[in-house]
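Please look over the sequence and structure below. A short report follows, moving from one packing detail to the overall layout and then to single residues.

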Amino acid sequence: MAEKKKQFAVIGLGRFGGSVCKELYRMGHQVLAIDNNDVKVNEFAPFSTHSVIANSTDEKALKSLGIRNFEYVIVAIGDNIQSSILTTLVLKEMGVENVWVKAQNNYHHKVLDKIGADRIIHPEQDMGIRIAQHITSEKIVDYIELSDDYSIVELLATKKIHNRSLIDLHIRAKYGCTILAIKREEDLNVSPLPEDVIREKDILIVIGHKLDLKRFEEEGM
Ligand code: ADP
């Protein structure tokens with residue numbers, strides 16, 4: 001069955017919101033792009049399903065756009081923290097299920113948390129961590145932090161594990177990490193079987209405690 005396309009609205013079309021909007025649209029999703037700046041709205045017309053000028057702190061304006069019916073609303077208002085907070089509050093009061101908000105600082109984060117933002121994003125910090133992880137290890141292709149303790153890493157299979165099966169490597173028993181998927185060029189083998197064999201150039205997508213992942217990366221491959 002084809003994957004059901006989701007409906008998204010992106011409020012604030014700066015560098016962060018603009019990238020989210022373009023990528024969602026490129027992936028074939030329905031995206032409503034909102035900004036109170038007409039130049040931005042025109043710029044994003046080719047990269048969204050609809051782009052509209054609206055002030056997102058205006059509850060009536062959001063209602064008339066039918067924002068309640070969107071599964072996800074991303075609030076990507078940068079510097080104007082007050083507008084970001086007010087917009088989030090209005091969206092949650094209207095009953096939008098998933099409101100993801102970009103935070104500027106820890107104070108902003110705390111307030112967003114209190115008023116019910118479903119996910120709070122710190123793009124610069126998150127990207128900084130990923131770049132640092134990537135740059136310090138030739139094996140790490142990508143890195144996603146899930147919490148203070150757990151993360152997901154993409155690791156390039158080394159010679160040591162080429163042509164070995166997952167069962168043969170005992171990754172879970174020895175290192176407490178789980179292989180979520182194996183990427184082989186364009187193919188993604190999700191939930192690989194114990195007898196699946198790792199080949200040269202494969203990328204392993206692994207979830208686990210950060211200390212276990214580090215041990216696997218350093219000793220297991
Ligand atoms: P970034 O740091 O991601 O580039 P910016 O602060 O430059 O973020 O961009 C935020 C965008 O949000 C701007 O395009 C701005 O016009 C828009 N914006 C700010 N306040 C509102 C609001 N109340 N309603 C709608 N859009 C807004």
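Across which strands does helix 9 lie? Helix 9, residues 210-220, lies across strand 8 and strand 11. Relative to strand 11 (203-209), helix 9 runs at about 140°. Note that this is a predicted model.

**Overall layout**

The protein has 221 residues, and 28% of them are buried. Nine helices and eleven strands make up its list of elements. Along the principal axes, the C-alpha atoms fill a box of roughly 60 × 40 × 30 Å. The domain assignment gives domain 1 as residues 7-121 and domain 2 as residues 126-220. Their C-alpha centres are 34 Å apart. Take the contacts between residues at least 6 apart in sequence: 53% of these join residues at least 24 apart.

**The ligand shell**

The ligand is surrounded by 21 residues. The closest are G12, G14, R15, F16 and G78. Two elements give two or more residues to this shell: helix 1 (15-26) and strand 2 (30-35). Helix 1 gives the most, with three residues. Sorted by class, the shell holds eleven polar, six nonpolar and four charged residues.

**The five-stranded sheet**

Strands 7, 8, 11, 9 and 10 form an open sheet, in the order 7-8-11-9-10. The pairing is antiparallel. Strand 7 (140-145) and strand 10 (187-190) are the edge strands, and each pairs on one side only. From one strand to the next, the twist averages 20°.

Strand 7 and strand 8 (residues 150-156) run antiparallel and are joined by five bridges. Here D142 stands opposite E154 in strand 8. At the other edge, four bridges join strand 9 (residues 178-184) to strand 10, again antiparallel. R184 has D187 in strand 10 as its bridge partner. The hairpin of strand 9 and strand 10 has two residues between the strands. In that hairpin, E185 takes a positive phi near 50°.

**Positive phi in two loops**

Which non-glycine residues in loops also carry a positive phi? H170 is one, with phi near 50°. K201 is another, with phi of about 75°. The table sets out their places and values.

| Residue | Phi | Loop |
|---|---|---|
| H170 | near 50° | between helix 7 (166-169) and helix 8 (171-175) |
| K201 | about 75° | between strand 10 and strand 11 |

Are these residues buried or exposed? H170 counts as exposed because it has 11 other C-beta atoms within 10 Å. K201 is exposed because 11 other C-beta atoms lie within 10 Å of its own. The cut-off for exposed is 12 or fewer.

**D118 in its loop**

D118 lies in the loop between helix 5 (106-114) and strand 6 (119-121). How exposed is D118? D118 has 16 C-beta neighbours inside 10 Å, so it counts as partly exposed. Which residues does D118 contact, leaving aside neighbours within four places in sequence? They are N98, V99 and W100. E97 is 21 residues from D118 in sequence. In space, the two are 8.1 Å apart, C-alpha to C-alpha.

Key
Residues numbered from 1 in each chain as written. Predicted model: local features only at pLDDT ≥ 70, side-chain atom pairs only at ≥ 80, totals over all residues. Near = placed C-beta within 6 Å. Nonpolar A, V, L, I, M, F, W, Y, C, P; charged D, E, K, R; others polar. Buried ≥ 20, exposed ≤ 12 C-beta atoms within 10 Å, placed from the backbone. Contact = placed C-beta atoms within 7 Å. Domains from an automatic or database assignment. Pairing = 2+ DSSP bridges. Axes fitted to C-alpha atoms, helices over the stretch in contact; angles between N-to-C directions.
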